[in-house]
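Below is a colleague's note for someone meeting this structure for the first time. Please keep the sequence and the model open while going through the points.

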Amino acid sequence: MTVNIDELGPVDWIVLEFPGDKLNGEIAPILKDYVDRGLIRILDLLFLKKDEDGGFEAFEAADMEDSEIGELRSYETELAMLLSEQDVADLVETIEPGSAAAVLVWENLWAAPFGAAARHAGGQLVASGRIPIQAVIAALESDAEEEGA
């Protein structure tokens with residue numbers, strides 16, 4: 001996969017943990033919608049299952065049943081496979097024993113033009129972050145309480 005830096009958007013990753021050892025594919029339709037609308041490109045997709053003793057197995061889409069991953073199977077031929085064995089070992093530490101997880105790496109296509117414009121203007125990204133939704137909700141509730149007082 002050859003990519004011009006002016007066409008590359010920021011890349012994010014998440015680990016979604018599900019209790020038990022089964023996935024059900026319910027997240028697939030929204031991801032497909034994002035891909036179809038050109039908002040994201042899925043770069044890597046991996047599934048983890050961690051047993052009660054802490055042992056784990058990692059699976060690619062080809063190893064999974066349609067009932068577990070749904071429409072995500074359609075992306076398996078387009079993946080860049082960015083995660084290393086060490087990445088997988090580190091990510092497994094984040095999930096609870098007896099759980100399954102989906103690891104998703106995606107490019108934010110919608111942000112690529114902004115990134116290119118910033119680079120052309122001589123700018124560079126020096127910090128980035130994400131505020132957990134729970135913190136946003138707490139801040140909004142606190143503001144509402146202060147306004148009501």
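1. A good place to begin is a pairing of two charged side chains: Glu107 forms a salt bridge with Arg41, and the closest N and O atoms of the two are 2.4 Å apart. This pair links distant parts of the chain, since Glu107 belongs to strand 4 (residues 99-108) and Arg41 to strand 2, with their positions 66 residues apart in sequence. Please bear in mind throughout that the model is predicted.

2. Are the two partners of this bridge buried or exposed? Glu107 has a relative accessible area of 1% and is therefore buried, the cut-off for that class being under 20%. Arg41, on the other hand, counts as partly exposed at 29% relative accessibility.

3. Strand 2, which covers residues 40-50, also contains Leu43. Leu43 is buried, with a relative accessible area of 5%. In sequence Leu43 and Val11 are 32 residues apart, while in space their C-alpha atoms are 8.6 Å apart.

4. For the overall layout, the protein has five helices and four strands, and read from the N terminus the elements follow the order β-α-β-β-α-α-β-α-α. Among contacts between residues at least 6 apart in sequence, 80% join residues that are at least 24 apart. Of the 149 residues, 28% count as buried, and the accessible surface comes to about 9,800 Å², with 55% of that area belonging to carbon and sulfur atoms.

5. How many salt bridges does the structure hold? The structure holds four, and one of them is the meeting of the side chains of Asp12 and Arg130, at 3.3 Å from N to O. This pair, too, links distant parts of the chain, with Asp12 in strand 1 (residues 11-19) and Arg130 in the loop between helix 4 and helix 5, 118 residues apart. Asp12 is partly exposed, with a relative accessible area of 21%, whereas Arg130 counts as exposed at 58% relative accessibility.

6. A further salt bridge joins Asp36 and Lys32, whose closest N and O atoms are 2.6 Å apart. Because these residues are four apart in helix 1 (residues 28-36), about one helical turn separates them. Asp36 is exposed, with a relative accessible area of 52%, and Lys32 is partly exposed, with a relative accessible area of 29%.

7. Turning to the surface, the reader may wish to look at a nonpolar patch formed by Ile131, Ile133, Val136, Ile137 and Leu140, which together have about 480 Å² of accessible area. Ile131 lies in the loop between helix 4 (112-120) and helix 5. With a relative accessible area of 62%, Ile131 is exposed, because that class begins at values over 50%.

8. Which residues gather in a patch of negative charge on the surface? They are Glu141, Asp143, Glu145, Glu146 and Glu147. Asp143 is found in helix 5, which spans residues 133-148, and its relative accessible area of 41% makes Asp143 partly exposed.

Key
Residues are numbered from 1 along each chain as its sequence is written. This is a predicted model: local features need pLDDT of at least 70, side-chain atom pairs count only at pLDDT 80 or more; totals for chains, interfaces and linings use all residues. Side-chain values use heavy atoms; hydrogens and water are left out. Patches are made of residues with over 30% relative accessible area and no salt bridge: like charges are joined within 9 Å, nonpolar side chains (Val, Leu, Ile, Met, Phe, Trp, Tyr) within 5 Å. Accessible areas come from the Shrake-Rupley method with a 1.4 Å probe; for residues, only the protein chains shown count as cover. Lys and Arg count as positive and Asp and Glu as negative; His and the chain ends are not counted. The place of a charge is taken as NZ of Lys, CZ of Arg, CG of Asp or CD of Glu. Helices (H or I, at least four residues) and strands (E, at least two) are DSSP runs, numbered from the N terminus. Buried means under 20% relative accessible area, exposed over 50%, partly exposed in between (1.4 Å probe, protein chains only). Contact means heavy atoms within 4.5 Å.
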